[in-house]
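Trainee: I have a model open and some labels I want to test. Can we take them one by one?

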Amino acid sequence: MNLKRKASEDYEEPIKRVASSSGQNGSDGEDSDDGLQDIVDVDFDFYNPDDVDYHALKKLLTQLFSTDAELLNLGDFADIMIEENQVGTTVKVDDQKSDPYAILSIINLTHQKDKEGVKQLCSYLANKCPKKNEALHKAVKQILSLSSTDKHVGWVVSERFINMPVEIMAPMYTMLTDELKNAVKEKEPYVFEWYMFISKTYKEVTSSIDEDGEEPQLKKVKASSSSSAEAPSETFYFQSEDEIIAKYAEYQYDFKFTNKEKEQAADSRRAFSDFGIAPARKLLLVHKSKFNDMVNEITKTCSSTSAA
């Protein structure tokens with residue numbers, strides 16, 4: 001039986017999903033034009049990844065990598081999550097055969113390093129690491145080389161549709177840690193030195209609505225009179241728990257898409273620019289010594305959000 005449990009069994013009330021009164025699903029808690037929202041009670045079902053989820057998992061991964069998805073064999077990662085489904089959870093609202101709205105899983109990149117997709121991903125991320133920071137570049141390059149036989153790297157795949165509530169992450173992370181412990185007891189390769197996260201981020205830019213026809217420029221924080229240098233704008237996270245993960249990351253860096261021209265031409269990018277948002281990505285590497293504390297803070301914070 002692939003059904004894990006309903007969210008309503010872990011909480012006194014069903015998880016509430018916010019839907020704009022206009023019925024559009026394009027914002028994560030953003031108000032609609034008239035400022036009104038409808039609160040919809042939803043029972044979410046948690047399942048192990050299954051063969052039926054292959055195309056939907058690829059779609060979620062494509063959402064993560066945007067126009068750079070064509071540079072990676074994402075099918076390899078969907079296959080791994082389905083084949084190694086003793087660890088990982090999908091979220092659905094209809095039945096097991098419906099498409100998942102979210103995935104939280106972990107892939108042992110070291111164990112799967114001969115897969116084409118894994119080789120492409122590690123090369124892609126290593127090339128994105130800024131060379132100006134020599135210590136960071138050296139550390140990241142070593143970790144992503146996957147050369148250590150006893151210090152494995154696990155990619156925590158955490159992706160969901162933008163209007164899914166963050167409250168689902170509390171039970172999902174609880175299940176993930178339980179499944180990792182069980183897998184280790186069964187001597188499965190789920191002992192990690194590093195936990196890798198790829199976070200969807202954005203920065204505020206000048207809205208293209210205000211400056212028609214001009215390329216948006218990153219907003220800058222005003223520098224003090226004693227310095228001519230301007231500080232870069234703040235980084236925001238599409239998935240709010242990623243801000244917690246960033247606190248625990250030993251190594252992290254922002255990066256932009258390789259296919260920047262395609263990204264800028266995409267309808268979704270133009271929509272972001274209209275509202276003054278410049279999407280990007282951030283790589284986060286959390287050491288095993290901090291992973292449990294990080295998970296505890298995520299589950300506590302997401303549970304508090306649910307109870308609020």
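Mentor: What follows is a set of short checks on a predicted model.

Trainee: Start with the whole protein. What is it built from?

Mentor: The protein has ten helices and eleven strands. It has 308 residues, and 47% of them count as buried. The exposed surface is about 16100 Å², with 46% of it supplied by carbon and sulfur atoms. Take the contacts in the protein with a separation of 6 or more: 80% of them join residues 24 or more positions apart.

Trainee: Now helix 2 and helix 3. What makes helix 2 oblique to helix 3?

Mentor: Two packed helices are described by the angle between their axes and the distance between the axes. Here the axes of helix 2 (residues 54–65) and helix 3 (residues 74–83) come within 9 Å and cross at roughly 130°. Roughly perpendicular stops at 115 degrees, and roughly antiparallel needs over 145. The crossing angle of roughly 130° fits neither class, so helix 2 is oblique to helix 3. The crossing is right-handed.

Trainee: Which residues make that contact?

Mentor: Helix 2 gives Tyr54, Leu57, Lys58, Leu61, Thr62 and Phe65. Helix 3 gives Leu74, Gly75, Phe77, Ala78, Asp79, Met81 and Ile82. By class, that is nine nonpolar, two polar and two charged residues.

Trainee: Why is threonine 90 called buried?

Mentor: Buried means under 20% relative accessible area. Threonine 90 is at 0%, so threonine 90 counts as buried. Threonine 90 sits in strand 5 (residues 89–92).

Trainee: What is threonine 90 in contact with, leaving aside neighbours within four places in sequence?

Mentor: The list includes Asp45, Phe46, Tyr47, Asn48 and Pro49. Asp53, Leu57, Pro100, Ala102 and Ile103 are also on it. Leu57 also belongs to the contact of helix 2 with helix 3.

Trainee: Tyrosine 101 next. Why is tyrosine 101 called partly exposed?

Mentor: Partly exposed lies between the 20% and 50% cut-offs. Tyrosine 101 has 24% relative accessibility, so tyrosine 101 falls in that class. Tyrosine 101 is in the loop between strand 5 and strand 6 (102–108). Phenylalanine 44 is 57 residues away in sequence, yet the C-alpha to C-alpha distance to tyrosine 101 is 9.6 Å.

Trainee: How do you know that serine 66 and lysine 187 belong in separate exposure classes?

Mentor: Set each value against the cut-offs. Serine 66 has a relative accessible area of 21%, so serine 66 is partly exposed. Lysine 187 has 76%, and exposed means over 50%. Therefore lysine 187 is exposed.

Trainee: Where are serine 66 and lysine 187 found?

Mentor: Serine 66 is in the loop between helix 2 and helix 3. Lysine 187 is in the loop between helix 6 (169–185) and strand 8.

Trainee: What makes their phi values worth a remark?

Mentor: Most residues other than glycine have a negative phi. Serine 66 has a positive phi, near 55°. Lysine 187 has a positive phi too, near 60°. Just after helix 5, leucine 146 takes a positive phi of about 55°.

Trainee: Which residues of helix 5 are buried?

Mentor: In helix 5 (residues 134–144), they are Leu136, His137, Ala139, Val140, Ile143 and Leu144.

Trainee: What covers the buried residues of helix 5?

Mentor: The cover includes helix 4 (116–128), strand 7 (153–160) and strand 8 (194–204). Strand 10 (251–255) and strand 11 (277–287) are also part of it.

Key: Residues numbered from 1 in each chain as written. Predicted model: local features only at pLDDT ≥ 70, side-chain atom pairs only at ≥ 80, totals over all residues. Heavy atoms only, no water. Axes fitted to C-alpha atoms, helices over the stretch in contact; angles between N-to-C directions. Helix = DSSP H or I, 4+ residues; strand = E, 2+ residues; numbered from the N terminus. Parallel < 35°, antiparallel > 145°, perpendicular 65-115°, else oblique. Left-handed = near helix turned anticlockwise from the far one by under 90°. Contact = heavy atoms within 4.5 Å. Nonpolar A, V, L, I, M, F, W, Y, C, P; charged D, E, K, R; others polar. Buried < 20%, exposed > 50% of the residue type's maximum accessible area, 1.4 Å probe, protein only. Areas by Shrake-Rupley, 256 points an atom, 1.4 Å probe, with all protein chains shown as cover.
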